[in-house]
Amino acid sequence: MIETERLILRGWREEDRGLLRRLGTDPDTMRYLGPLRTEEEDDAALARYQADLTTYGTCAWLVERRSDGAPLGVCGAKPGRPGMLTEGELELGWRFAPEHRGQGYALEAARASLAHVWAVTDAERVVAITVRANVPSWTLMERLGMTYVEGGDFDHPFVPNDSPLKRHILYRIDRPA
């Protein structure tokens, strides 16, 4: 568990499936991430998050507000998927419910996630990906101190060729000295 001034980032429980389902079926949340997710895909993601925490000491955490325990979204670092450019790296990402965006929660949670990665892993760097159109996401990456990797743009192997989400950009941050 990670605590910040306003947030708790914690592992997933069975009762958290509803948040994951809500995020995965919300068109606004998924507009830069791909098609709406099925219940089976959400269940598989939840199992991966739980396994990542056990194996790596970090995961895509459930983010809840400290003041009232309200679940807000997902944020954390997880291993890049096999077959991806980010395979073998820890990949930082986030998804927040629409009503919880624009309040600094993603930045606060991402900073805490990065600090946790540096404290509990030997990762030399952390990466993040998005599509160029997702300005809020890559702006947040830059606010975290991540830098755009020149020449690192790539076609996402799990996105259909005719999708406007096919082309991704890559950011990274190196372990602090």
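In this predicted model, Arg 101 and Asp 28 form a salt bridge in which the closest N and O atoms are 2.4 Å apart. The two partners come from distant parts of the chain, 73 residues apart: Arg 101 sits in the loop between β5 (90–96) and α4 (105–120), while Asp 28 belongs to helix α2 (residues 27–30). Neither residue is buried, because buried means under 20% relative accessible area. Arg 101 is partly exposed, with a relative accessible area of 31%, and Asp 28 is likewise partly exposed, at 32%.

This pair belongs to a wider set, as a search of the whole structure finds 17 salt bridges. As a friendly reminder, side chains of opposite charge can pair when their charged atoms come close.

A second pair worth a look joins Arg 10 to Glu 64, with 3.0 Å between the closest N and O atoms. Arg 10 lies in strand β2 (residues 7–10) and Glu 64 in strand β3 (residues 60–65), so this salt bridge ties together parts that are 54 residues apart in sequence. Both Arg 10 and Glu 64 are buried; for Glu 64, the relative accessibility is 11%. The side chains of Glu 64 and Arg 10 also make a polar contact at 3.0 Å. The pairing extends to another residue, since Arg 10, Asp 16 and Glu 64 are linked in a network of salt bridges, by the definition of a side-chain nitrogen within 4 Å of a carboxyl oxygen.

The surroundings of Glu 64 can be described in some detail. Leaving aside residues up to four places away in sequence, Glu 64 touches Arg 6, Leu 7, Ile 8 and Arg 10, together with Gly 69, Ala 70, Pro 71 and Leu 72.

A further salt bridge links Glu 15 and Arg 13, the closest N and O atoms being 3.9 Å apart. Here Glu 15 is exposed, with a relative accessible area of 57%, whereas Arg 13 is partly exposed, at 41%.

Turning from charged pairs to helix α1 (residues 17–24), the buried residues are Leu 19, Leu 20, Leu 23 and Gly 24. These residues cover an arc of only 125° around the axis, which puts them on the same side of α1. The elements that cover the buried residues of α1 include the helices α2 and α3 (39–56), along with the strands β3, β4 (71–79) and β5. Strand β3, one of these covering elements, is also where Glu 64 is found.

Terms used
Residues numbered from 1 in each chain as written. Predicted model: local features only at pLDDT ≥ 70, side-chain atom pairs only at ≥ 80, totals over all residues. Heavy atoms only, no water. Helix = DSSP H or I, 4+ residues; strand = E, 2+ residues; numbered from the N terminus. Buried < 20%, exposed > 50% of the residue type's maximum accessible area, 1.4 Å probe, protein only. Arc of directions from axis to C-beta. Contact = heavy atoms within 4.5 Å. Polar contact = N/O pair within 3.5 Å; in protein donor to acceptor, adjacent residues only side chain to side chain.
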